[in-house]
Amino acid sequence: MKKRTVTRIVQYVSAAVIGLGIVASVIAAWDGTEVRTADRSKFDYFSGMTVTDSDGKVTGGALLNWSVLDSSDPDNPVYYVNIDVYAAKGFTYETVSASEYDAISEYQEQTGKQLMYPLVDRSRIAVNGAENDANLWFAHTSDGRAIYNADGSFTPIYLTDSDGGYVYSEQCEEGYVIRVRWLDYYEYLHSGRAPGVFSVIGSSRLYAVASDGCFAAFAVLGGIGLLSVAAAGGTFDMLVYGVRSLLTVFRSGRKEQYIEKDFYEYRKVRAGKRVSFWFLVITGAVFFLLALVFTMLYRSAL
């Protein structure tokens with residue numbers, strides 16, 4: 001392989017590594033929250049992603065804080081919400097084997113931490129196509145808005161047995177179907193380790209953060225690259241020549257050591273020393289395209 005080709009490969013790889021480092025830094029700085037607007041159905045949906053501990057205290061909500069953005073329609077106000085992206089995955093249905101089910105039951109008994117929650121009566125889910133949504137555990141309208149009790153609380157629509165007790169599992173060919181809160185179940189499966197940013201791939205906010213990171217990489221690499229290409233093309237030659245000429249005023253009698261005889265000669269000398277920086281521009285353009293892709297994914301995930 002020619003020396004020039006190897007040099008080009010090293011240049012592109014180095015630029016890509018720097019760009020990925022910038023993207024990773026932006027993602028690492030993300031605090032795991034997302035701010036968005038939500039209608040009444042989404043607000044109720046996020047509000048229901050809570051658990052109640054043994055003391056009756058409601059904890060673990062996805063909704064961190066909120067405010068009313070538009071109350072012109074009392075039945076369907078618009079909210080400004082700040083959500084915890086990890087907790088916002090809420091409840092999910094999981095299929096586990098008989099041995100896994102026994103292990104989860106034993107874990108609950110030994111630690112006092114609840115993993116399995118009552119199954120939802122899917123026949124009472126009114127939203128079309130949402131029969132498998134484990135977060136719709138409360139009575140609601142066809143557009144997902146909660147039907148509150150007289151005291152303003154949710155009305156559970158859990159599956160019950162013949163004695164009126166809640167059902168926590170159903171047998172299936174693979175073992176059992178259970179309903180868990182994703183955040184707790186993740187930590188259970190990973191020995192208490194909290195989920196990281198890539199465990200929520202598909203989150204609209206993750207796409208937005210990745211887009212920001214790619215734009216930052218494009219700005220740094222592309223900006224430096226364009227300036228370097230301009231400099232290599234002689235754009236700043238006159239400015240540099242002028243500064244160097246000015247400096248010779250303070251070095252009387254030694255001018256020939258610091259500057260060529262005239263600007264034409266200076267440009268000829270510089271032309272033989274120019275280095276191509278197009279690899280920075282091209283790599284920056286790739287990150288720009290990635291930023292556009294993540295932006296489209298973000299908008300489609302909203």
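In which helix is tryptophan 278 found? Before selecting anything, bear in mind that the model on screen is predicted, and then turn to tryptophan 278, which is found in helix H8.

**Stop one: the whole chain**

Show the protein chain as a cartoon, and you can trace eight helices and nine strands along it. Of its 302 residues, 37% count as buried, while the chain as a whole exposes about 17,800 Å², of which carbon and sulfur atoms supply 57%. If you consider the contacts between residues at least 6 apart in sequence, 65% of them join residues at least 24 apart.

**Stop two: tryptophan 278 and the surface patch**

Now select tryptophan 278 and show its side chain; with a relative accessible area of 47%, tryptophan 278 is partly exposed, because that value falls between the 20% and 50% limits. Add Tyr12, Ile282, Val286 and Leu290 to the selection, and together with Trp278 you have a nonpolar surface patch of about 450 Å². Helix H8 gives the most to this patch, with four residues.

**Stop three: the largest nonpolar core**

In soluble globular proteins, nonpolar side chains tend to be buried together. Here the largest nonpolar core has 51 residues, and those with the most contacts inside it are Val81 and Leu136. Colour the elements that give two or more residues to this core, namely helix H1 (3-28), helix H2 (40-47), strand S5 (78-84), strand S6 (91-96), helix H4 (182-189), H5 and helix H8 (278-301). The largest share, five residues, comes from H5.

Centre the view on leucine 136 next, where, leaving out residues up to four places away in sequence, the side to look at holds its contacts with Tyr45, Val120, Ile125, Val127, Ala130 and Ile157. Apart from the largest core lies another one, of nine residues, and to find it you can select Val96, Tyr101, Ile104 and Met116, which are among its members.

**Stop four: serine 211 in helix H5**

Move on to helix H5, which covers residues 204-232, and pick out serine 211 within it. Is serine 211 buried or exposed? Serine 211 counts as buried, because its relative accessibility is 5%, and under 20% is what buried means here. Leaving aside neighbours within four places in sequence, serine 211 is in contact with Ala291, Phe294 and Thr295.

**Stop five: helix H2 and its cover**

Select helix H2, which is mostly covered, since six of its eight residues are buried. The residues to highlight are Arg40, Ser41, Phe43, Asp44, Tyr45 and Phe46, and what covers them includes strand S1 (33-38), strand S4 (63-70) and S5.

Within helix H2, zoom in on phenylalanine 43, which counts as buried at 8% relative accessibility. Not counting residues up to four places away in sequence, phenylalanine 43 touches Ala38, Leu63, Trp66, Tyr79 and Val81. A distance label between the C-alpha atoms of phenylalanine 43 and valine 81 should read 7.9 Å, although the two are 38 residues apart in sequence.

**Stop six: the salt bridges**

How many salt bridges does a search of the whole structure find? The search finds four, and one of them can be seen without leaving helix H2, where arginine 40 pairs with aspartate 44, the closest N and O atoms being 2.7 Å apart. These two residues both lie in the helix, four residues apart, or about one turn. Both partners are buried, arginine 40 at 12% relative accessibility and aspartate 44 at 1%.

For another setting, select arginine 145 and aspartate 143, whose side chains meet in a salt bridge at 3.0 Å, N to O. Arginine 145 counts as partly exposed at 23% relative accessibility, and aspartate 143 likewise counts as partly exposed, at 41%. Then select aspartate 184 and arginine 181, where the N to O distance of the salt bridge is 3.0 Å; of this pair, arginine 181 counts as buried at 6% relative accessibility.

**Last stop: the cysteines**

A disulfide is a covalent bond between the sulfur atoms of two cysteines. The structure holds zero disulfides. Cysteines to select include cysteine 172, which is partly exposed with a relative accessible area of 27%, and cysteine 214, which is buried with a relative accessible area of 2%.

How values were computed. Residues are numbered from 1 along each chain as its sequence is written. This is a predicted model: local features need pLDDT of at least 70, side-chain atom pairs count only at pLDDT 80 or more; totals for chains, interfaces and linings use all residues. Side-chain values use heavy atoms; hydrogens and water are left out. Buried means under 20% relative accessible area, exposed over 50%, partly exposed in between (1.4 Å probe, protein chains only). Contact means heavy atoms within 4.5 Å. A nonpolar core is a set of buried Ala, Val, Leu, Ile, Met, Phe, Trp, Tyr and Cys residues joined through side-chain atoms within 4.5 Å. Patches are made of residues with over 30% relative accessible area and no salt bridge: like charges are joined within 9 Å, nonpolar side chains (Val, Leu, Ile, Met, Phe, Trp, Tyr) within 5 Å. Accessible areas come from the Shrake-Rupley method with a 1.4 Å probe; for residues, only the protein chains shown count as cover. A disulfide is a pair of cysteine sulfur atoms within 2.5 Å.
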